[in-house]
Amino acid sequence: MKIQNLENIKVINGGICAVENVKAAGSREGKYGVSVILNENSTSSAVFTSNKVTAAPINYTKEIIKKGKLSAIVANSGNANCMTGIEGLNDCKDIVQFISKKLNINSDEIAIASTGVIGRKMPMDKILDLASNSCDNLKNSPKSSTDCAEGIMTTDTHPKEFAVEVTLTSGEKVKIGGITKGTGMIAPNMGTMLSFLTTDAQMSEEDIQNSLKIAVNNSFNMIVVDGDESTNDIAILMANGKSGVNINNNGVIDPNFQKALNYLTQELAKMMVKDGEGASKFMEVTIDGAKSETDAKKAVKAIISSSLFKAALFGGDPNWGRIAMAIGYSGISFDLDIISINFASKNDSIDILKNGDILALEGTQNLLKAEEIMNENYVEIIVDLNIGDSRATGWGCDLTYDYVKINAEYTT
């Protein structure tokens, strides 16, 4: 789902704190950070990693979120608290109890998340010290949102935040804000990412879950950095209702709200890919003319996950055969004799394959133009399968020497 029409959506400042009543803060010391979001009495739901190996905070928050109500989120960076056994779960409980007392809110209304190195014990003294500092500095301001986004960074090079105001079909307005982190271990079904979203809309837990799943499936689940899926992925949406506007109209979520949430999560997702570990180029891949949306998504994911094509992107090599190869093993229905492939940059485009005919042969202007486009920082790949009406878009980055270096030295 590529957002085409941004009518009724206005980009605003403030990140997660663009929403009234949301307070945030983040503190860092070396590789460790702790961020806190206070959004009292919010109806909430979440989406989690589908990895069968899950971190202690994921297991903890899955139980907490069942009640459909949150007042706060605490998240740390530097340690994943994964494969840490009962001690890791007890550390989650201790951190939550600490936040509960500091903020005077019920412990069963606090979600917890972690990101960092797997298989190491939590440095609790340092984490609690940073948590205390964040609790003492909670504010509703653009800077607070940025501090919060910085607090959860690992190999990220910059904080990632976004906010919008959307005019609903009724003419009423609501706001949505969010922060995220993640640059590596990013694959479909989310990646080593934490994403926290807020809105001042009135929403039921069921509406939040339905709306969040749609948005995640068309944003965070449509990006790839390296094809590895994390143990700690989580996306939470909290609705505090401060606008007094209910986005459910006769049992249907307002389409403008859904479009705005899709747009916001896609922008956050693209920020992660652009900041992919070692990445120097960003690619947007669209499959059009597929038999079904499922087929379109499978083909997109195959292309953006292909190490061979990602390496070609890094080298500026218009090796479109690697695109055809990826579509071929994606498991979808297609006819190679009728597909079209187009390469585009921000200012130019060229047909590589048109209805099965190869146009970018050795020595042609089409191939020379394709080489120029592949050397740009932004490359768009458009594939038309010409067998249906469905389409999907996903985002990825190149595979560079620096990616290997970063991950070869991650714990050393």
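The following questions and answers concern cores and aromatic pairs in a predicted model.

Biologist: On what basis are the values given?

Modeller: In this predicted model, local features need pLDDT of at least 70 and side-chain atom pairs count only at pLDDT 80 or more, whereas totals for chains, interfaces and linings use all residues. Residues are numbered from 1 along each chain as its sequence is written, and side-chain values use heavy atoms, with hydrogens and water left out.

Biologist: Which helix gives the largest share of the largest nonpolar core?

Modeller: A nonpolar core is a set of buried Ala, Val, Leu, Ile, Met, Phe, Trp, Tyr and Cys residues joined through side-chain atoms within 4.5 Å, where buried means under 20% relative accessible area (1.4 Å probe, protein chains only). The largest such core has 73 residues, with Phe257 and Ile341 among those with the most contacts inside it. Its largest share, nine residues, comes from residues 255-274, a DSSP run (H or I, at least four residues) numbered from the N terminus, namely helix H6.

Biologist: Are the rings of phenylalanine 162 and tyrosine 263 stacked or edge-to-face?

Modeller: Rings of Phe, Tyr and Trp (its six-membered ring) pair if their centres lie within 6.5 Å, and planes under 30 degrees apart count as stacked, over 60 as edge-to-face and the rest as tilted. Here the centres are 5.6 Å apart and the planes stand at 75°, so the pair is edge-to-face.

Biologist: How buried is phenylalanine 282, whose ring has the charged end of lysine 274 over it?

Modeller: The charged end of lysine 274 sits 5.0 Å from the ring centre of phenylalanine 282, the rule being NZ of Lys or CZ of Arg within 6 Å of the centre and within 35 degrees of the ring normal. Phenylalanine 282 counts as buried, its relative accessibility being 7%.

Note on methods: Buried means under 20% relative accessible area, exposed over 50%, partly exposed in between (1.4 Å probe, protein chains only). Helices (H or I, at least four residues) and strands (E, at least two) are DSSP runs, numbered from the N terminus.
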